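Here are a few exercises for getting to know a new structure. Try each task yourself before you read its solution.

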Amino acid sequence: MKDIAEALGVSVATVSRALKDSPRISAERREIIKKYAREHNFFPNFIAESLRKSRVQPMKIIGVIIPQFTHYYFSTILSGIEEEASSRGYRLLVAQSNESYEREVAICQSFYENKVCGIIVSQAKDTVRYDHFQKLLGLGIPLVFYDRICTGVNASRVVVDDYMGAFNAVTHLIETGCRRIAYFGSQMNLEISKNRFNGYKDALLKHGIKYDSELTRFCDNRADAEAVTPELLTSDNRPDGFFAINDDTAIGIMYTAKRMGLRVPDDVSVCGFTNGYRAIACDPMLTTVEQRGRQVGEEAANILIAHVEGTIPKEHTERRIVRTRLVIRGTTR
């Protein structure tokens, strides 16, 4: 702005007001200044402007931590966060923890140093200590957890109904003829893993089927599923159904079964959890639980902005649950 002011023989204040369309500057002069700025590729620095205003009001920049960008579900959540935040005049600063506790801690510190007004986060798989989250809350930075929540931290959260999603999926497998259903899921340090596992077990119990620990595997990606599945499918009493914690794992199970000469779903049924693009790109198309990631993101952004703007007090913990939906396709009978 100093360069523009010097070139046009006006004050910096006049340039600033003109670029903000202030009525204190004549329309003719505003257009001269704006035209010069455009021709010389001048654009206002949003972050610098936010820093200037942050002395009297919070910066309108939200920090978002994603475990993995490549995961369809997290990308849909990010889309929902961005859409809601943008409509409310907020921008995002996004980082990937890549499932690393150390990286998650570093990102939280970086977000604080960059003066974000709040953070929306899904914790990394190997996070078992939560001091970095407690520190942020102690510094007055509101947190909203999504998907993978941290029960050891008193902060707002948005989750899908993991328990009922799993319960309904396994009930469908049972009602379509399966009696020996394997469970492929993540380690039990994550709440989503506990809830989906409990939904699986309770569906078995309700239908008079005894839980068999030999059918449980800690496996939550396609590569591991392809490595683990042959052992179960070559056992004397092989499973006739699989419930997997996500679609990639389910697809790994399905293609392994097909390579081994089994028919899906005639010989073995498979159900996943996500309902991403891959669920309809495989053959047969995958029966799965839809998580509604965009809605999760919108709810998380809505809560965080409410904390920032004071419509929900920072000390109040907001808990919201997004309902799931079973989408029946060709991998179940």
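How many bridges pair β10 with strand β12, and is the sense parallel or antiparallel? Keep in mind that you're looking at a predicted model.

**Exercise 1: Two strand pairings**

Task: work out how β10 pairs with β12, then with β9.

Solution. Start with β10 and β12 (residues 325-327): they pair over 3 bridges, in the antiparallel sense. Now pick out the partners. Val-289 has Leu-326 of β12 as its bridge partner, and Glu-290 has Arg-325. Next, turn to β9. Here 4 bridges join β9 to β10 (residues 287-290), and these two strands run parallel. Cys-271 is bridged to Thr-287 in β10.

**Exercise 2: The whole sheet**

Task: put the strands of this sheet in order and find its edges.

Solution. Step one is the order: β7-β6-β8-β9-β10-β12, an open sheet of 6 strands with mixed pairing. Step two is the edges. β7 (216-218) and β12 each have a single partner strand, so one side of each is left without a neighbour in the sheet. Step three is the twist: ignoring direction, neighbouring strands are turned by 20° against each other on average.

**Exercise 3: Rings that meet**

Task: describe the aromatic pair of Phe-74 and Tyr-146, and say whether each ring residue is buried or exposed.

Solution. Two values describe a pair of aromatic rings: the distance of the centres and the angle of the planes. The structure holds 13 such pairs. For Phe-74 and Tyr-146, the centres are 6.4 Å apart with 75° between the planes. Edge-to-face needs an angle over 60 degrees, and this pair is indeed edge-to-face. Now look at where the partners come from: Phe-74 belongs to helix α5 (residues 72-87) and Tyr-146 to strand β4 (residues 143-146), so the pair links parts of the chain that are 72 residues apart. Finally, check the accessibility, where buried means under 20%. Phe-74 is buried because its relative accessible area is 2%, and Tyr-146 is buried too, at 0%.

Task: do the same for Phe-243 and Phe-273.

Solution. This pair is edge-to-face as well, with 6.3 Å centre to centre and 70° between the planes. Phe-243 sits in strand β8 (residues 241-244) and Phe-273 in strand β9 (residues 269-274), 30 residues apart. Phe-243 has 0% relative accessibility, so it counts as buried. Phe-273 also has 0% and is buried.

**Exercise 4: A cluster and its charges**

Task: which residues do ring pairs link into a cluster, and which charged ends sit over its rings?

Solution. First, the cluster: Tyr-183, Phe-197, Tyr-200, Tyr-211, Phe-243 and Phe-273 are linked by ring pairs. Second, the charges. Arg-196 has its charged end over the ring of Phe-273, 3.8 Å from the centre. Over the ring of Tyr-211 you'll find the charged end of Lys-201, 5.4 Å from the centre.

**Exercise 5: Two helices side by side**

Task: how do α6 and α7 pack?

Solution. Helix α6 (residues 101-113) and helix α7 (residues 131-138) have axes 10 Å apart, at an angle of about 15°. Angles under 35 degrees count as roughly parallel, so that is the word for α6 and α7. As for the handedness, α6 passes α7 in a left-handed crossing.

**Exercise 6: Unusual backbone spots**

Task: find two cis peptide bonds and two residues with a positive phi.

Solution. Most residues other than glycine have a negative phi, and most peptide bonds are trans, so exceptions are worth picking out. Take the bonds first. Val-264 and Pro-265 are joined by a cis peptide bond with omega of about 10°; Pro-265 lies in the loop between α11 (247-259) and β9. From Asp-283 to Pro-284 the bond is also cis, with omega near 0°, and Pro-284 is in the loop between α12 (278-281) and β10.

Now for phi. Asp-21, in the loop between α2 and α3 (27-39), has a positive phi of about 60°. Asp-21 counts as partly exposed, at 43% relative accessibility. Asn-275, in the loop between β9 and α12, has phi near 70°. Asn-275 is buried, with a relative accessible area of 12%.

Conventions
Residues are numbered from 1 along each chain as its sequence is written. This is a predicted model: local features need pLDDT of at least 70, side-chain atom pairs count only at pLDDT 80 or more; totals for chains, interfaces and linings use all residues. Side-chain values use heavy atoms; hydrogens and water are left out. Rings of Phe, Tyr and Trp (its six-membered ring) pair if their centres lie within 6.5 Å; planes under 30 degrees apart count as stacked, over 60 as edge-to-face and the rest as tilted. Buried means under 20% relative accessible area, exposed over 50%, partly exposed in between (1.4 Å probe, protein chains only). A charge sits over a ring if NZ of Lys or CZ of Arg is within 6 Å of the ring centre and within 35 degrees of the ring normal. Two strands pair if DSSP finds at least two bridges between them. Axes are lines fitted to C-alpha atoms, for helices over the stretch in contact, and angles run from 0 to 180 degrees between N-to-C directions. Angles under 35 degrees count as roughly parallel, over 145 as roughly antiparallel, 65 to 115 as roughly perpendicular and the rest as oblique. A crossing is left-handed if the near helix is turned anticlockwise from the far one by less than a right angle, and right-handed if clockwise.
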